[in-house]
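Please work through the following exercises with the sequence and the model side by side. Each one sets a task and then solves it step by step.

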Amino acid sequence: MADTPNAVSATSNQRDDASSSVESTQSLQVKSNTRPLTPRRPPLHQIYALPVPIRTFPLPSFYPNNPISLFHVVYAWVSQLVSPPVEPSVSHQGTWSPETRSVHISDPKSIRALWEQGFFGKGNYSRSEPNWLKREQTRRGERKGHVAENLTTQRREERKMMKWDRARKEQEAIQRTRLQEAWVAPVGPMELLALPNSQEDLKPAYSNNSMNGGSIQGLLMNGLEAIDETTDRPTFNGTALSPTITAVATVAEVVSDEKDATSALPGVNGDSSGSGIPMGVSKRRKSVRFSPTVESATFKLSDPPSPHHGAQPSGSIDETLLNGSSSLSRLAGLGLPEPLLEGNNTSKTNSGADIQLVDKEHLQLCLEEVFYLVFALGALTVLDPVTSKPLTASDLFTLCRQTSYIPPRQANLQPDDPFLVHYAVYHHFRSLGWVTRPGIKFGVDWMLYNRGPVFSHAEFAIIVLPAYTDAWWKAEGRQSPRKSWHWLHTLNRVQTTALKTLVLVYVDIPPPFEDGLGAAEILKRYRVREFIVKRWLSNRNRD
């Protein structure tokens, strides 16, 4: 009988738990039903699934304990042997630009495909990813969401303001410390006599409100009116100052002059003995009153219109400015026809409402990226800008070699030309699975990303150096370019600050070869050697 109340209480607790779970389930269902359905963007690993713009068809896995998997492997192998898939399935087109020494791709689908499948090229209006249209739509409010470059700019501005605020607090702390250290207790006889004896001595020297309030305010108002009525404004270095700056300077002069004048007066309120001025009060500093409105020194489009424009010497505003006819009359006096002026005026007024955004950004590919897509992958076709005919791989190879020289060469191409040396390194790391991007931002030749700039920062910074190790070059007396220790330490310090590892890549240059060789035969003669450079720290790199 003693266990009955416990059983009843346990049953009641179970009922309460069941009812609460039912209520929570209903509330969750209500919340899920009331939540707005917004389309989610696919995850990044699905958008950037392909490392290059071609697809691969690996054979399915074989499991010894599952005999059906063997038939699956055989079927996939036979089907690919009988009818092999055609890859690349899509061939992108680009136009050669001799001015920029690169290839431009204007098709939006090709731009997105080459960026999402290997991170090739950069937008000509963007830092890397071609998203100029998205940024403009987001800025105008026509598109919801965020853009990576806008977030980067916002973070940089926030970091800059944080540094300014931190510097301001440090300066304030230094100033407070200096004031505390500069204060010395009055221990001398003269210092003790100069201290006030009572609260009456701490009151201001001039207790008359008419002197402080009326005269100063009247002088200030007269000074400001005189500023507005004057036509000749004061100048600084030959430049006329604005009314606001002039008013500030006049206020400072009035306050300082008034204090000097009152100190020289024989007396206040008819007292000529000067007893109204206490002798024990220390000398006061001149105070300066600043105007609450400060005009910017530079003109910005976002600044509001200045109220001083169009003001006449008498202070009134010209009525022709209100009617909008003065500017037309002035321009008509210069000889411009009125219809032209009206057309320009209407185009400016309607430009903000009728402009339709057109995506004029194109993808820009460097020489190494172009030849890799044409020669190694076959996913790109380069058109001649004059004839609009596609260039063959051999013609493009010769064109890239000629263009890599500054100025371009038509003959006398050497085995150590810049294109061959840099393409050997680019092809080497692309074949190893690295996403290779230009590294001019960090002062190097190439940057190596594990999966791409969308997923993580670059891990390695590549410097390409030609090496003349062949016997033919030694017989000719050709030596590798010499670099100073100062150059190496500077470069390594920059990469270490950016959390990147510096890699020196030496390319062994072969002796001169015949002109009739193809690109494959020429590239086989180059060898690539890698050396990682790290800073030696005594507290970290001990034996």
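**Exercise 1. Locate V78 in the secondary structure, decide whether V78 is buried, partly exposed or exposed, and find the surface patch that includes V78.**

Step 1. V78 lies in helix α3, where helices are DSSP runs of H or I with at least four residues, strands are runs of E with at least two, and both are numbered from the N terminus. The model is a predicted one, in which local features need pLDDT of at least 70 and side-chain atom pairs count only at pLDDT 80 or more, while totals for chains, interfaces and linings use all residues. Residues are numbered from 1 along each chain as its sequence is written, and side-chain values use heavy atoms, with hydrogens and water left out.

Step 2. With a relative accessible area of 35%, V78 is partly exposed, given that buried means under 20%, exposed over 50%, and partly exposed in between (1.4 Å probe, protein chains only).

Step 3. V78 belongs to a nonpolar surface patch together with L59, F62, L70, F71, V74, W77, L81 and V82, and the accessible area of the patch is about 930 Å². Such patches take residues with over 30% relative accessible area and no salt bridge, joining nonpolar side chains (Val, Leu, Ile, Met, Phe, Trp, Tyr) within 5 Å and like charges within 9 Å; the areas come from the Shrake-Rupley method with a 1.4 Å probe.

**Exercise 2. Which residues gather in the patch of positive charge, and where does K441 lie?**

Step 1. The patch of positive charge on the surface gathers R127, R155, R156, R159, K163, R166 and K441; Lys and Arg count as positive and Asp and Glu as negative, whereas His and the chain ends are not counted.

Step 2. K441 is found in the loop between β8 (435–438) and β9 (446–449), and its relative accessible area of 57% makes K441 exposed.

**Exercise 3. Explain which salt bridges link residues of helix α6, and set them beside the pair R401 and D417.**

Step 1. The structure has 12 salt bridges, a salt bridge being a side-chain nitrogen of Lys or Arg within 4 Å of a carboxyl oxygen of Asp or Glu.

Step 2. K169 pairs with D165, their closest N and O atoms being 3.4 Å apart; because these two are four residues apart in helix α6 (residues 148–182), about one helical turn separates them. D165 is partly exposed, at 30% relative accessible area.

Step 3. E172 and R168 also form a salt bridge, at 2.9 Å from N to O, and they too are four residues apart in helix α6, so about one helical turn lies between them. Both are partly exposed, E172 at 34% and R168 at 40%.

Step 4. In the salt bridge of R401 with D417, the closest N and O atoms are 2.7 Å apart. This pair links distant parts of the chain, 16 residues apart, with R401 in helix α14 (residues 393–403) and D417 in the loop between α14 and α15 (418–431). R401 and D417 are both buried.

Step 5. Salt bridges with shared partners join D165, R168, K169 and E172 into one network.

**Exercise 4. Explain why C400 and C366 are not bonded to each other.**

Step 1. There are zero disulfides in the structure, a disulfide being a pair of cysteine sulfur atoms within 2.5 Å.

Step 2. The cysteine sulfur closest to that of C400 is in C366, 9.5 Å away, which is too far for a bond. C400 is buried, with a relative accessible area of 0%.

Key:
Charge placed at Lys NZ, Arg CZ, Asp CG, Glu CD.
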